Each structure stands twice: as C-alpha cells, then as structure tokens.
Amino acid sequence: MAPTIASLISSAEGGDRSAADALFAVLYSELHRLARRELARGPGATLGTTTLLHEAYLKIAQREGTAFPDRPRFMGYAGKVMRSLIIDYARSRQTVKRGGGFEITTLGDEGGLPVADEKELQQIGAALDELEAVDPSLAQVVDLKFFAGFSLAEIAAMRGVSERTIQRHWEKARIYLHGVIRQTLSA
C-alpha cells in the first residue's frame, strides 16, 4: 500500500529525505501544472516549466524546519516559492550586467496566454508579501487561486470550509492587494 500524502509530509518534516523525495514524486504532475501557470503570468518563455519546478524543489528541500501539515499548505508554499523564483528571475533579467532587455524566446504550449510585465510582477509580489504579514490565510488563498490555479471550490474543499467563505476571503484579499498596489503607484 502506497503511503498517503499526509504520512509523507509527516515523515519529510521529521527529516526523512526519502519521504521528501517520494512526496515530490507524488505531487510532481500537480506541481508541474502549477509551474506552467506561474510561467504564464511571468516574464516570458525564457524560463522553462521543468526548470522552474526543479528550482522550486531545490528551494523547498533546502528549507529547514518548514512544516506542511497538509496538502493545501504544501501547494500554497510551492506556489509562493515559484512566484519568488519568477520575480527573482525577472529582476535579474532587468540588470544591464546580464543583458537587460535581451530576450531569448521559444515556442511553447503556453502561446497566447497573457504575460505580466516584470514591474507588475514585482509589485504583485511585494503586495502579497505585505498581505502575508497582515493575514497569512488570505495570502495563501491568493497563492492557491491566482498562482496555483485552483478554483474557489477546490480551495474550499482543501480547507474544509464553504465556497462562499473562500469567495469572501478572495474578495477581501483582492481589495487589500489593489489598495497596496495603488498606494505603491501613487508614491
């Protein structure tokens, strides 16, 4: 019988490296979808989905003492790690030392999806960091909905609350983020 995600999370938190690897393998396809969604909102096709996924895995595996009591928190954290990697990547692309505006692109299966500009991505990232400091629960809803691509119904099921509750949290988070970004733009 295969171990459950909860038991893998528990063992991985206890320092069992093989459990951490098994957890990653079990969630690989879902994490790959999350990475593809992150890149669709990111700086373009110069960073591959698999590269982002593997970089996120390395970052997650290096963290000491990070607890994931359940799948939603793990997926929320993975989305946050991918978001931070994309923002860091966008920042590094903007430096003159690294070629600034030079962009290598490839044709991929994400063609035609809207791509956020690097400055917008940084503003969203900073606003989400601020929201997380104020209300981590709302920030996780944003990570799960906006970055991980889960529906409000899926998030509600993960959290064991009504869809209407998650809808209210989503709206509250959007209002907060809009205010922070608006304040940033006017400063």
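A residue is called buried here when its relative accessible area is under 20%, exposed when that value is over 50%, and partly exposed in between. By this criterion, buried residues account for 37% of the 187 residues in the protein chain. The model described here is a predicted one.

The overall architecture is easily told: the protein chain contains nine helices and zero strands. Read from the N terminus, its elements follow the order α-α-α-α-α-α-α-α-α. As for how the chain is tied together, consider the contacts between residues at least 6 apart in sequence: 67% of these join residues at least 24 apart.

Helix α4 offers a good place to look more closely. This helix comprises residues 49–62, and its 14 residues should span 20 Å at 1.5 Å a residue; the C-alpha atoms at its ends do lie 20 Å apart, in agreement with that expectation. Which residues of α4 are buried? They are Thr49, Leu52, Leu53, Ala56, Tyr57 and Ile60. Because these residues cover an arc of only 135° around the axis, they sit on the same side of α4. A general feature of helices helps in reading this pattern: an α-helix has 3.6 residues a turn, so residues three or four places apart point the same way.

One partner of this helix is α2, formed by residues 17–26, which packs with α4 at an angle of about 150°, the two axes being 12 Å apart. Since angles over 145 degrees count as roughly antiparallel, α2 is placed in that class relative to α4. The crossing of the two helices is right-handed. At this meeting point, α2 contributes Arg17, Ala20, Asp21 and Phe24, while α4 contributes Leu53, Tyr57 and Ala61. Leu53 and Tyr57 thus appear both among the buried residues of α4 and among those that meet α2.

Two residues further along the chain complete the picture. Glutamine 123 belongs to helix α6, which covers residues 118–134. Its relative accessibility is 18%, and glutamine 123 therefore counts as buried. Which residues does glutamine 123 contact, once its neighbours within four places in sequence are left aside? They are Ile181 and Leu185.

Lysine 145, in turn, is located in helix α7, residues 136–147. With a relative accessibility of 25%, lysine 145 counts as partly exposed. Between the C-alpha atoms of lysine 145 and tryptophan 170 the separation is 8.3 Å, although the two residues are 25 residues apart along the chain.

How values were computed:
Residues numbered from 1 in each chain as written. Predicted model: local features only at pLDDT ≥ 70, side-chain atom pairs only at ≥ 80, totals over all residues. Heavy atoms only, no water. Helix = DSSP H or I, 4+ residues; strand = E, 2+ residues; numbered from the N terminus. Expected span 1.5 Å × (residues − 1). Buried < 20%, exposed > 50% of the residue type's maximum accessible area, 1.4 Å probe, protein only. Arc of directions from axis to C-beta. Axes fitted to C-alpha atoms, helices over the stretch in contact; angles between N-to-C directions. Parallel < 35°, antiparallel > 145°, perpendicular 65-115°, else oblique. Left-handed = near helix turned anticlockwise from the far one by under 90°. Contact = heavy atoms within 4.5 Å.
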